[in-house]
Amino acid sequence: MSSLNCLRKYRVRVAFPYANAILRASLEKGCPQKSLTDYNSMLHLTAFCPDYRTYVLLLKACAKCSDLYAAMEIHSHLTKRGLLSNQHIATHMFKLYIDHDRMMEACKLFWLMLEWSTDPFHGNLMLTGFLKHGQLEKAYQIFRRMPVKDLISWNSMIAGAVRSSYPKEAMNIFSKLVNSGLVPDAFSFSSVLSACAQAGARCYGVWVHQLMVELGVEMNHILSSALVDMYAKCGRIDMAIGIFKTIKRNHVSVWNAMICGLAAHGLGSDVVMFFHDMESVGLVPDGVTFLALLTACSHCGMVEEACQYFEVMATKYSITPKVEHYGAMVDTLSRAGLLDEAYGLVRSMKMKPDAVIWRTLFSACCRYRQTKLGEITFEEMVCQGSGDYTLLSNIYSSANRWDDSEEVWRERKKKRIRKTKGLSWVELGGSIHAFKAGGRSHPDTDGIYQVLHGLSKRAKVEGYTPLTELVMKDVSEEEREENLTVHSEKLAVAYSVLKTGPGTEIMVSKNLQTCSDCHEWMKIISKVLCRVIIMRDRVRFHRFEGGCCSCKDYW
């Protein structure tokens, strides 16, 4: 008769070492579930009273067989017996909750563990768990209360803020890291450079770059790529090229950063040149490289070249086109007005077209006033956003189908789909200033609007005519014009004019694609002020100078 059967037959008091030996034996033999079963048997059939060593063994068993339900039952037993404050038990329980993404339960234990430990290890596990699910605010609550923070703690928060698209917070945390006395490492710098690239924070990015040089940080391909990407996305493509020529270029990611930057600036011929240089040094392009190539072709009207690279990608380099490559090809054909060809390519795709592809084609239908294809495309979109309803209304309006246009607005209102508001921002004096369309919350609002209306008057003298047909509201012509005047990018430019001297380059970033009215306004304002205005919208860069745009109005 086995030891456990004896215990079942005679309800006896079991000594701790003997009971723990039974549980440990099952655990060591690779039978963690049997340890849990034996524990339940001893608990119900004997006068067994477990100690903290028993629970450590049980929690190890729960971890090995991923039995969260059993672990939570044991948690309940621990609470009743007052053993939860035991360091060994709490640590095992904490780790088990972390591994199973039960962050709220882990959080309660973490606050308890702070009473006897200042080791940042457990806090770092909490940060990783919350940031993995994009819960930046909860991670920051943990971070603030950690008595000791190591470099892993800081790096986790910076990278987490970047991944959650909070670049300003990432830069603030990096500044605090520098002031904490700890020395940032390559990971810290690559993360904060990504934040600068997201925000278009050129001045902050230059400071970060200088700090890297002062500290003698050794460059690797990740850091080199981040540095090139930062300068390119902050509008200084010349600096990006200069840095690219001075660093090691033995990794495809460095070339991809440079080629992607050139593509975003619409420098199609340079993209092609760099691509051939990359091939000549023996580096094999990947899917990211070809996506940048196709994007550059779409921005520059290089239809034949795009078709050629799309074919070469598969035939020469055996890269299977992904949905984003098809999207870039659809964009290339759509921008060139080849809508039937674009629609045919969508229908021939081997995978299901995503919302971006349908939206690209739909936008082109609006631009080229292809009502029938626009209606077909609109119906294909599974998730229809506010911008899609606006475009469909515009398509009907351009065809003088006013009743249909009004019906689109009624349908959008019925579905309670809110319009995505335009947001633009500029970096001045080391701070980022954001503007919403028609917003009046900025401390310098009065001065901004005074400058804005003055600029608009001067633009009209130079031949600017507001494209009031873009405003699809049933309001007077004057109200339509005022609606266009207060677009977010115009407010950002007005603020830059208010706060900077003559000749200073203006850099504006926007969350949406800039509208045709703002595009025309920027061209004329660059001529009126004799200043360079760089606009980074959702799609690409526009460099306005002397009344012209780098995109050559192909955008």
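1. Start with the aromatic cluster: Phe174, Phe189, Tyr204 and Trp207 are joined into one group by ring pairs. Keep in mind while you look at it that this is a predicted model. Phe174 turns up again in the core, where it is listed among the residues of the largest nonpolar core that touch the most other members.

2. Across the structure there are 15 aromatic pairs. One of them is Phe275 with Phe290: the ring centres sit 5.6 Å apart and the planes meet at 65°, so this pair is edge-to-face. The cut-off that matters here is an angle over 60 degrees. Phe275 belongs to helix α17 (residues 268-280) and Phe290 to helix α18 (residues 287-300), so the pair ties together parts 15 residues apart in sequence. Are these two rings buried or exposed? Phe275 has 2% relative accessibility and counts as buried, and Phe290, at 0%, counts as buried too.

3. Two charges over rings are worth a click. The charged end of Lys149 sits over the ring of Phe143, 5.2 Å from the ring centre. Arg249 lies over the face of Phe244, and there the distance to the ring centre is 5.4 Å.

4. Now the core. The largest nonpolar core holds 136 residues, and those touching the most other members are Phe94, Met126, Met157, Met171, Phe174 and Met258. Which helix gives the most to this core? That would be α16 (residues 252-264), with eight residues. There is also a second, separate core of 29 residues, with Leu452, Val493, Val497 and Phe544 among its members.

5. Met157 makes a handy viewpoint for browsing the largest core. Setting aside neighbours within four places in sequence, Met157 is in contact with Leu127, Leu131, Leu136, Ala139, Tyr140, Phe143 and Ile173. Phe143 in that list is the ring that has the charged end of Lys149 over it.

6. On enclosed space, a search of the whole structure turns up one cavity of 30 Å³ or more. The volume of the largest cavity is about 30 Å³. What lines it? The lining consists of Phe110, Met113, Leu114, Ser117, Asp119 and His122.

7. If you are after open space, have a look at the second largest pocket, which offers about 340 Å³. Its lining has 21 residues, and those nearest the pocket centre are His265, Gly266, Leu267, Arg540 and Ser550. Elements giving two or more residues to the lining are α15 (237-244), α17, α18 and β5 (541-545). The largest share comes from β5, with three residues. Helices α17 and α18 are the ones that carry Phe275 and Phe290 from point 2.

8. Last, two backbone spots to check. Most residues other than glycine have a negative phi. Ser318, which is not a glycine, has a positive phi of about 55°. Ser318 is in the loop between α19 (303-315) and α20 (323-335), and with 63% relative accessibility it counts as exposed. Cys530 is also not a glycine and has a positive phi of about 55°. Where is Cys530 found? Look in the loop between α29 (516-529) and β4 (533-536). At 65% relative accessibility, Cys530 counts as exposed.

Key. Residues are numbered from 1 along each chain as its sequence is written. This is a predicted model: local features need pLDDT of at least 70, side-chain atom pairs count only at pLDDT 80 or more; totals for chains, interfaces and linings use all residues. Side-chain values use heavy atoms; hydrogens and water are left out. Rings of Phe, Tyr and Trp (its six-membered ring) pair if their centres lie within 6.5 Å; planes under 30 degrees apart count as stacked, over 60 as edge-to-face and the rest as tilted. Helices (H or I, at least four residues) and strands (E, at least two) are DSSP runs, numbered from the N terminus. Buried means under 20% relative accessible area, exposed over 50%, partly exposed in between (1.4 Å probe, protein chains only). A charge sits over a ring if NZ of Lys or CZ of Arg is within 6 Å of the ring centre and within 35 degrees of the ring normal. A nonpolar core is a set of buried Ala, Val, Leu, Ile, Met, Phe, Trp, Tyr and Cys residues joined through side-chain atoms within 4.5 Å. Contact means heavy atoms within 4.5 Å. On a 1 Å grid over the protein atoms alone, a cavity is a set of points where a 1.4 Å probe fits but cannot get out, and a pocket is an open set with protein on both sides within 12 Å along at least five of seven lines; lining residues have an atom within 4 Å of a point. Grid points are joined across faces, edges and corners, and a volume is the space filled by probe spheres set on the points.
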